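Open the model in your viewer and keep the sequence panel beside it. This tour says what to select at each stop and what is there.

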There are 2 protein chains.
Amino acid sequence: MLVAQAVFARPGEFTRADVAGATGMTRSTVSRLVDQLVAGGILAEDDPAQRGRGRPGVPLRPAPGTFVALGLEANVGHLASYVIDLAGRVLARRFVTDDLAGSDADATLARLADLGAETLADAPAGAHLLSAHVALPGIVDHDAGVLLRAPNLGWSQVAVLPHLARWASERTLTGLDNEADCAALTIAQPAPGYPGDLDSFVYVSGNVGIGSSTVLGGQVLAGRHGWAGELGHVCVDPDGPVCGCGARGCLEAVAGRRALLAASGRDDWDVLVADAAAPDPDPALAAALTRAGRALGIALSAALNLLDLSHVVLGGHLAELADALTPAVRAELDTRVLSGPFEPVQVSVRTAAEAPGALGAAYHGIATLLADPARVLADEASEPDAAAAQA
Amino acid sequence: MLVAQAVFARPGEFTRADVAGATGMTRSTVSRLVDQLVAGGILAEDDPAQRGRGRPGVPLRPAPGTFVALGLEANVGHLASYVIDLAGRVLARRFVTDDLAGSDADATLARLADLGAETLADAPAGAHLLSAHVALPGIVDHDAGVLLRAPNLGWSQVAVLPHLARWASERTLTGLDNEADCAALTIAQPAPGYPGDLDSFVYVSGNVGIGSSTVLGGQVLAGRHGWAGELGHVCVDPDGPVCGCGARGCLEAVAGRRALLAASGRDDWDVLVADAAAPDPDPALAAALTRAGRALGIALSAALNLLDLSHVVLGGHLAELADALTPAVRAELDTRVLSGPFEPVQVSVRTAAEAPGALGAAYHGIATLLADPARVLADEASEPDAAAAQA
DNA sequence: CGCGTTTAGTCTTGTCGTGAAACTTATATC
DNA sequence: GATATAAGTTTCACGACAAGACTAAACGCG
């Protein structure tokens with residue numbers, strides 16, 4: 001249903017007449033559809049506050065209160081949980097710091113599910129849970145609901161959906177996705193269904209390793225298993241150091257967090273960041289940063305050339321070092337990206353929100369609503385007792 | 001219209017009832033739509049030749065005769081032109097060998113258009129021209145109809161559509177596309193709309209440089225300007241030789257045709273290919289081939305890791321050397337592609353058809369038909385005099 | 001040979017979604 | 001207060017589709 005997407009894309013700005021103009025449908029059709037969506041609790045009417053000649057239109061917004069989505073994330077250093085409403089407002093959240101590398105997958109996922117249940121309990125009651133979605137740092141089989149492998153967690157072949165079973169129903173969908181793809185979604189969309197400034201870009205996330213995710217035309221290019229975007233294992237030097245993956249010269253082995261610590265002779269990350277920001281870093285650090293910047297530029301050039309992109313967003317630990325890295329990165333990009341003369345490559349920095357993966361996972365639930373609001377409305381109608389019980 | 005796509009995907013196999021089963025529509029709806037398509041000359045009924053119980057169904061196929069598409073290609077070494085019908089059968093073709101590097105763009109495109117006109121004259125008369133599409137080796141602005149830059153031809157900022165103006169009309173669409181993307185389309189689809197064995201893969205085309213094109217789920221990933229797939233300028237060695245693009249260590253500078261000739265001390269390509277196939281090549285050649293194979297493997301690993309793919313198709317000059325290159329390519333892929341343990345990387349070789357770009361350009365016209373057959377049917381109805389004149 | 005079974009395709013009917021156009025409502029301007 | 005303008009609603013007619021009955025064409029068994 002195009003109507004809901006149009007409203008979510010410009011919350012509070014579009015009236016029925018605007019939607020009609022944007023979608024090409026007639027005002028009468030839009031009016032009927034909007035009335036359904038309002039009745040179903042998906043859209044809400046703002047106060048008519050418009051100025052100008054003629055009858056003022058009624059601005060439409062995503063409706064608060066009726067629907068929420070739960071987003072969960074298990075990552076190397078934390079568990080996170082978000083409950084958001086249709087407008088993308090965070091109604092409740094939890095964040096637990098813990099070293100989960102090598103942890104027992106089922107035990108950790110059970111903890112995560114409990115965390116999600118607590119978060120839901122914190123949220124205002126009476127709303128219908130659209131979806132419960134998990135973001136995980138690894139390869140995923142969407143259809144089977146299995147995490148195939150998460151190297152940094154040390155997990156493999158984990159059936160994830162059973163842990164979400166408490167929420168799974170005809171009316172609540174559950175699923176799992178790659179964490180970097182979820183995070184990229186939050187950059188492409190400041191609010192669910194609301195396209196941001198950037199339409200197509202590569203997002204580089206430095207966490208422990210270096211992952212990336214590509215957004216093309218507002219769509220996350222997740223690949224068939226959510227395994228796309230392994231920028232960290234693009235080769236930047238065939239004679240370079242051996243990487244944890246067994247190959248030689250991966251980006252991660254040069255610009256990864258551990259590689260930078262080792263090359264600069266430091267053992268505390270915050271110290272390294274502070275020193276890198278200082279006016280005159282010592283030669284070992286400067287060399288390590290230059291080398292990492294060049295490597296990042298080389299790997300990014302490959303991605304941009306292969307995908308016809310011209311925008312890079314740095315996140316994670318690479319964002320913290322952005323000032324120090326950017327000159328070398330730019331130099332490589334300017335030399336290597338073929339479309340550069342026509343469309344200059346832009347590099348921007350995104351200081352990572354806390355657990356963007358969990359937030360993006362919650363976005364997924366709303367995305368399924370937007371893809372087919374009629375289905376949710378039908379479900380709504382088929383179980384009116386639930387709504388009645390709340391009233 | 002899903003119906004036409006289903007039939008084109010299995011020409012001669014699907015009956016109305018099969019289509020109904022495949023699309024989920026009822027038999028009555030399918031029957032009505034198929035009747036329209038048959039009346040419109042898009043589908044044709046085969047002889048009912050089915051065995052088994054019950055009334056035999058009528059197999060459906062793309063209709064020959066009523067519609068044709070013209071595909072043109074201007075490339076460094078040739079001009080080519082194809083006229084195909086809906087089933088993908090070549091009704092007429094032309095191929096002119098010529099060195100067009102540095103030629104005058106408008107003069108060459110005028111020649112190409114004339115070649116297309118000749119080809120159309122060769123084809124059986126009475127068919128309606130669906131589209132005229134040009135494949136060019138460079139960056140393209142689809143909307144403006146402009147070739148932004150084709151380095152190997154030495155062209156830039158060329159308005160292409162005016163050369164196709166003789167065919168442009170309400171009923172005949174014209175357009176232009178990147179040549180590698182068109183060629184990849186012919187690999188993904190043995191006939192228009194007919195999906196082949198491979199669903200997602202990277203096609204590497206070695207012509208003068210090294211280009212590539214990615215097919216994801218049957219769709220060509222062309223990027224915003226048809227500029228995606230610049231595998232030739234992925235860096236495989238930051239200390240490598242300087243490439244024509246100005247950067248250092250591009251794949252093309254190691255595994256390009258000229259690079260291989262230079263490194264092996266030869267000046268004739270056919271000799272090089274023959275020597276490479278011989279049981280015991282000389283050390284210089286063997287070293288050049290190994291180096292090129294490793295470089296290709298490194299660049300491909302980057303593409304596969306970034307896009308979550310596990311199939312490579314070699315074409316062009318790299319296909320000719322496939323036997324000699326494959327061991328080194330495989331070695332790198334096996335080490336570097338992260339999804340390898342789960343889904344082994346497959347490398348296949350596609351000996352390039354003559355001018356696959358032109359053929360793929362013709363496919364585009366049929367793709368537009370399949371995307372919205374109703375539009376073409378409507379046009380048909382609005383100009384019945386043309387059809388009447390043929391009868 | 002004839003009749004029932006099975007499957008393909010068509011025909012009829014009712015429902016639903018949509019657009020066209022008239023109508024109502026709410027504001028600004030004169 | 002009259003008029004213009006724009007938003008939103010109502011009415012009506014049309015068309016696409018599904019459900020289900022019906023016809024057509026093959027096979028197989030008695």
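**Stop 1: a strand pair in chain B**

Select B:Ala74 and B:Leu79. B:Leu79 lies in β4(B) and is the bridge partner of B:Ala74. Helices (H or I, at least four residues) and strands (E, at least two) are DSSP runs, numbered from the N terminus. Two strands pair if DSSP finds at least two bridges between them.

A word on the model before moving on. It is predicted: local features need pLDDT of at least 70, side-chain atom pairs count only at pLDDT 80 or more, and totals for chains, interfaces and linings use all residues. Residues are numbered from 1 along each chain as its sequence is written, while chains are lettered from A and ligands numbered from 1 in the order in which they are written.

Now widen the selection to residues 67-74 and 78-85 of chain B. These are strands β3 and β4, antiparallel and joined by 7 bridges.

**Stop 2: the sheet around that pair**

Add the other strands of the sheet. Its order is β5-β4-β3-β6-β10 in chain B, making an open sheet of 5 strands with mixed pairing. Which strands of chain B stand at the edges? They are β5 (90-97) and β10 (173-178); each has a single partner strand, so one side of each is left without a neighbour in the sheet. On average, neighbouring strands are turned by 15° against each other, direction ignored.

Next, colour residues 105-122 of chain B. This is helix α4, which lies across β3, β4, β5 and β6 (128-136) of chain B and runs at about 35° to β4(B). Axes here are lines fitted to C-alpha atoms, for helices over the stretch in contact, and angles run from 0 to 180 degrees between N-to-C directions. Contact between two residues means that their C-beta atoms, placed from the backbone, lie within 7 Å.

**Stop 3: the sheet in chain A**

Switch to chain A. Here, too, 5 strands form an open, mixed sheet, ordered β5-β4-β3-β6-β10. Select residues 128-136, strand β6 of chain A. β6 runs parallel to β10(A), with 6 bridges between them. Zoom in on A:Leu136: opposite it, in β10(A), stands A:Asn178.

**Stop 4: two hairpins in chain A**

Select residues 201-206 and 210-216 of chain A. These are β11 and β12, antiparallel and joined by 6 bridges. A hairpin of 3 residues links β11(A) to β12(A). Within the pair, A:Val204 has A:Ser212 as its bridge partner.

Is β12 mostly covered or mostly open? Of its 7 residues, 6 are buried, so "mostly covered" fits. A residue is buried if 20 or more other C-beta atoms lie within 10 Å of its own, exposed if 12 or fewer, and partly exposed in between, with C-beta atoms placed from the backbone.Extend to residues 219-221 of chain A. This is strand β13, which pairs with β12(A) in the antiparallel sense over 3 bridges. A:Leu221 in β13(A) faces A:Thr214. The hairpin between β12(A) and β13(A) has 2 residues between the strands, and A:Gly217 in the turn has a positive phi of about 60°.

**Stop 5: an unusual backbone angle**

Most residues other than glycine have a negative phi. Select A:Ala355. Its phi is positive, about 55°, although it is not a glycine. A:Ala355 sits in the loop between β15 (346-349) and α12 (356-371) of chain A. A:Ala355 counts as buried, with 27 C-beta neighbours inside 10 Å.

Jump to B:Ala355. Phi of B:Ala355 is also positive, near 55°. The loop between β15 (346-349) and α12 (356-371) of chain B holds B:Ala355.

**Stop 6: the core**

Select A:Leu251, A:Ala299, B:Leu251 and B:Ala299. These have the most contacts inside the largest nonpolar core, which has 246 residues. Such a core is a set of buried Ala, Val, Leu, Ile, Met, Phe, Trp, Tyr and Cys residues joined through C-beta atoms within 7 Å. Not counting residues up to four places away in sequence, A:Leu251 touches several residues, among them A:Ile210, A:Val234 and A:Ala299.

**Stop 7: where the chains meet**

Show both chains. The contact takes 34 residues from chain B and 33 residues from chain A. On the chain B side, α9 (283-307) and α11 (322-336) are the elements that give two or more residues. The largest share of that side, 8 residues, comes from α9(B).
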